[in-house]
Every structure is written in structure tokens, then in C-alpha cells.
Amino acid sequence: MIRIKQEKRWLNTVLATHPLDLVISDNRFGLYADGLPAVFITHQLQIKTGLGAWADGIARRWNYRRIRCFSSCWVPDQPESPSLAGELSHPVEPPPFPVRYIGGLTRFKPCLPTLDSNLLIILSGPEPQRSLLEQTLLSQLENYKGRVVLVRGLPLAAALPAVPLHCTVYNHAPAALLQKLICEAGLIISRCGYTTVMDLLALQKRTILVPTPGQAEQEYLASHLLQQRWALTILQENFVLPEALRQAADFAYQFSPWPPHGFKNAVKSTLEEILQHKKRDAP
């Protein structure tokens, strides 16, 4: 609630000197103002608390009350089943406001055909779980003979960990480098955050996803993706690299392309509506 008030103050300060026609808020509950068209983007209409249906219901009602402050809600997912986020984006209790499903989002372009054989590991998320997964993987890579690339998700770090000769390590990979590494990989081990999931599914890569322990959203998403056979998912406490690689080799991955330009179409139509209103209101 404190953060929401800070965001509202910030936006009001901006509006005092920079008149805006539209705000698009990436899950920032405070970025709306009276009379200003404002879009709220989220894949979590239903927030998973990990505390059961009663707590999920409270979180959902609170979430709906906050989103109703915006003039529109965009959900980066498919409108029909099977959807990328399952119950997160298609709750059992539909929202009392209009929702526009804009398809998956990704910053990456399609991969060119390549003889992909590398194992790519992309780490991210809060500590200490990020480091715990890194330690588990590094200890098990000693006996892996193929080429490995590790992106640690630490943009401020300088030192690199000691790794076997067949491993290449980056503390951080900018978007262009990360796309190159993903396209060159035959298999990717990563966390189960929704942005990462959308990127990897858009590029139709074989993945082993490890949800961050204690994050109910990722744990639910891992179960949903495994059920749809879009990703092999393994709990961190059960992760053993040779067994995970064996399961991935036998896993029947399913890929389905997303409808293109959903986000661009949403932006275009929203701007056209704003221009029409301006014309009608002009003297």
C-alpha cells in the first residue's frame, strides 16, 4: 500500500509538467489518475498465495478492487484454453471488468535453424534460492561432458565462480547475447517466472524449469506447464542433473505458435480510441 501511494504521487508529479494521453502500467497498481486512460498489464488475475482457496479468494478480491481503478486490463495470455498461465489468467471467478487477452509477449525474434546442442542454464530470482540452485548445478556439472553456458543473473557481480573447462559463465547477458545463447542451446534449465516462460515458449525451446521454492505462483505455473507438456518441470529439492537430462530426453514436448502482434494490435486500437475521443471533444 505504501508503494502504491508512492507511485500515485510520482505520476501526479509527472502529469503536472508532462500532459499524457495514456499510461500503460506493468503490474504497478498506483499508476492511474482521474480522467487519464490507464492500462494495467498482468497475467495474475488470480494471485496464488500458497495458503489455500480461502486465502486465494481474499487475494483475488483485493486484486480486482485495485485493477478496477484502471480503464482497461490487458492479460498477456490466450483467451481460450489451454492458456499459458492457466488459472492465474483465467480465474474460477471472472473479473467484474473488461479484460483483453493480448497473447504472449516476448522481446526475442524467432531463432534461425541451427545445430543446437549446448546446455544453457539461466539463473534468476531472489536469494538465497538463486545461489542454492547455482551451487547444486555447479556441483553436478563436474561429471557432465557436454558444452555448458551459465548465465548467473547477477548484473552487478564482477567475480566469476570456478567451473569446469567445458563451461562458459556470464554474470549477466544483455538481450541480444541472451537471444543468441538461447537459440544455440539444445536444452535450457531455468526458473519458472512468467516472463522467462513466455520467452522460451515463443522460441520453442526444450526446457527444464525449476520453480523457486516458496513462490506459489511459480509452483502452480510449473505444474500447469508440465500438464500441458510445454516444459519439463522439476522441484529444486529433487533436482539431480543426470536424471533431469534423462527425463528431458524422453519427454514429449509440445509446441504451439502464438497469434502474432497481439500486443501491437492492443496498443494500436487503444490509441485510435483516444484519438477519436479527442476529435469528439475538440471545439
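Which strands and helix do the buried residues of H4 pack against? They pack against strand S5 (118–122), strand S6 (148–151), strand S7 (167–170), S8 and H5. Keep in mind that you're looking at a predicted model. The protein chain has eight helices and 10 strands, and this briefing starts with the whole chain before zooming in on a few spots.

**The whole chain**

- Buried residues account for 45% of the 283 residues in the protein chain.
- The radius of gyration is 21 Å, and a compact globule with 283 residues would come in near 19 Å, so the two agree.
- If you line the chain up with its principal axes, its C-alpha atoms fill a box of roughly 75 × 40 × 35 Å.
- Take the contacts between residues at least 6 apart in sequence: 61% of them join residues at least 24 apart.
- The accessible surface adds up to about 15400 Å², and carbon and sulfur atoms own 57% of that.
- On the charge side, there are 29 positive and 23 negative side chains, and the centres of the two sets sit 4 Å apart.

**Helices H4 and H5**

- In H4, the buried residues are Leu 178, Gln 179, Leu 181, Ile 182 and Cys 183.
- Helix H5 covers residues 194–202, and its buried residues are Tyr 194, Val 197, Met 198, Asp 199, Leu 200 and Leu 201.
- Those buried residues of H5 pack against helix H4 (175–184), strand S8 (185–190), strand S9 (207–209) and helix H6 (216–228).
- Here's a handy rule for reading such lists: an α-helix has 3.6 residues a turn, so residues three or four places apart point the same way.

**Val 197, a residue of H5**

- Val 197 belongs to helix H5, and it counts as buried because its relative accessibility is 3%, with the cut-off for buried being under 20%.
- Setting aside neighbours within four places in sequence, Val 197 touches Cys 192, Leu 209, Leu 221 and Leu 225.
- One of those partners, Leu 221, is 24 residues away from Val 197 in sequence, and their C-alpha atoms are 9.3 Å apart in space.

**Gln 218, a residue of H6**

- Is Gln 218, which lies in helix H6, buried or exposed? Gln 218 is buried, because its relative accessible area is 8%.
- The side chain of Gln 218 reaches the backbone nitrogen of Thr 212 at 2.9 Å, and it also reaches the backbone nitrogen of Cys 192 at 3.4 Å.
- Leaving out neighbours within four places in sequence, the contacts of Gln 218 are Arg 191, Cys 192, Gly 193, Val 210, Pro 211 and Thr 212.

**Thr 49 and its loop**

- You'll find Thr 49 in the loop between strand S2 (38–41) and helix H2 (53–67).
- Thr 49 has a relative accessible area of 28%, so it's partly exposed.
- The side chains of Thr 49 and Asp 56 are joined by a polar contact of 2.7 Å.
- A polar atom of the Thr 49 side chain also lies 3.1 Å from the backbone nitrogen of Leu 51.
- Beyond its neighbours within four places in sequence, Thr 49 is in contact with Ala 55, Asp 56, Ala 59 and Ala 216.
- Gly 86 is 37 residues from Thr 49 along the chain, and 15 Å separates their C-alpha atoms.

**Cis peptide bonds**

- Ser 81 and Pro 82 are joined by a cis peptide bond, with omega at about 0°. Pro 82 sits in the loop between strand S3 (72–75) and strand S4 (99–101).
- Glu 127 and Pro 128 are joined by a cis peptide bond too, with omega at about 5°. Pro 128 is in the loop between S5 and helix H3 (129–141).

**Positive phi angles**

- Asn 27 isn't a glycine, yet its phi is positive, near 65°. You can spot Asn 27 in the loop between strand S1 (23–26) and S2, and it's partly exposed, with a relative accessible area of 36%.
- Gln 204 isn't a glycine either, and its phi is positive at about 55°. Gln 204 comes just after H5, in the loop between H5 and S9.
- At 38% relative accessibility, Gln 204 counts as partly exposed.

Terms used:
Residues are numbered from 1 along each chain as its sequence is written. This is a predicted model: local features need pLDDT of at least 70, side-chain atom pairs count only at pLDDT 80 or more; totals for chains, interfaces and linings use all residues. Side-chain values use heavy atoms; hydrogens and water are left out. Helices (H or I, at least four residues) and strands (E, at least two) are DSSP runs, numbered from the N terminus. Buried means under 20% relative accessible area, exposed over 50%, partly exposed in between (1.4 Å probe, protein chains only). Contact means heavy atoms within 4.5 Å. A polar contact is a pair of N or O atoms within 3.5 Å; within protein, one must be able to donate a hydrogen and the other to accept it, and residues adjacent in sequence count only if both atoms are side-chain atoms. The radius of gyration is taken over C-alpha atoms; the globule rule is 2.2 Å times the number of residues to the power 0.38. Accessible areas come from the Shrake-Rupley method with a 1.4 Å probe; for residues, only the protein chains shown count as cover. Lys and Arg count as positive and Asp and Glu as negative; His and the chain ends are not counted. The place of a charge is taken as NZ of Lys, CZ of Arg, CG of Asp or CD of Glu.
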